[in-house]
Every structure is written in C-alpha cells, then in structure tokens.
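New to this one? Take a look at the sequence and the model first, then read on.

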Amino acid sequence: MKQGIKLLDVVALTEDLLNRKLRRGQVGTVVELLGPDAFEVEFTDNDGRAFASLALKANQLLVLHYQPLEIR
C-alpha cells in the first residue's frame, strides 16, 4: 500500500536544484499541501533558520522514516 506525502513529513530532495542552492539529499519539511502532487517544502539550517521554501512535486521528494514498518 502506497502512502502519500503528508503535511509535516520530513523529506529529502531526489535531484539537485542548483538555481536554489539545494542539492540532492537536502532535508526539508512539508509545510503546505498545494495540490494532489504539489507541496511547499521548507529547508532549515541546523539552528532552525529557514533558508529556502519552495513548491515541489512528489517525484522530487523522498519521505524519510524514523520508525520501522509495522506489519500486521
């Protein structure tokens, strides 16, 4: 079962966005759902200061997981 990207998911970029000074693997947080396949993602530094916020498509993002998969 495929789960969609949700508000406040922690995600990583799947491609470089050099014009925005972001690289593949950069970690951000989904802060707004813009449509079925579009998300506003905020990127912050280690001190929590936002340095980029932009609209991205689902295929540009990988949801990160911190808990093991629950199998029923």
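Here is a quick tour of the sheet, one loop residue and a surface patch.

Keep in mind that this is a predicted model. At its heart for this briefing is an open sheet of 5 strands, paired in the antiparallel sense.

**The sheet**
- Reading across the sheet, the strands come in the order S4-S3-S2-S1-S5.
- Strand S4 (50-57) and strand S5 (61-63) sit at the edges, and each of them pairs on one side only.
- Going from one strand to the next, the twist averages 40°.
- As a bit of background, strands of a sheet pair through backbone hydrogen bonds, either parallel or antiparallel.
- S2 and S3 are an antiparallel pair, joined over 5 bridges.
- Glu 32 has Glu 40 in S3 standing opposite.

**Asp 37, in a loop**
- You'll find Asp 37 in the loop that links strand S2 (27-35) and strand S3 (38-44).
- Asp 37 counts as partly exposed because its relative accessibility is 41%, which falls between the 20% and 50% cut-offs.
- Setting aside neighbours within four places in sequence, Asp 37 touches Leu 56, Lys 57 and Ala 58.
- Asp 37 and Ala 58 are 21 residues apart along the chain, yet 5.4 Å separates their C-alpha atoms.

**A nonpolar patch**
- Leu 7, Leu 8 and Leu 33 make up a nonpolar patch on the surface, and together they have about 310 Å² of accessible area.
- Leu 7 belongs to the segment before strand S1 (10-13).
- With 46% relative accessibility, Leu 7 also lands between those cut-offs, so it counts as partly exposed.

Key
Residues numbered from 1 in each chain as written. Predicted model: local features only at pLDDT ≥ 70, side-chain atom pairs only at ≥ 80, totals over all residues. Heavy atoms only, no water. Helix = DSSP H or I, 4+ residues; strand = E, 2+ residues; numbered from the N terminus. Buried < 20%, exposed > 50% of the residue type's maximum accessible area, 1.4 Å probe, protein only. Contact = heavy atoms within 4.5 Å. Patch = residues over 30% accessible without salt bridge, like charges linked within 9 Å, V, L, I, M, F, W, Y side chains within 5 Å. Areas by Shrake-Rupley, 256 points an atom, 1.4 Å probe, with all protein chains shown as cover. Salt bridge = Lys/Arg side-chain N within 4 Å of Asp/Glu carboxyl O. Pairing = 2+ DSSP bridges. Axes fitted to C-alpha atoms, helices over the stretch in contact; angles between N-to-C directions.
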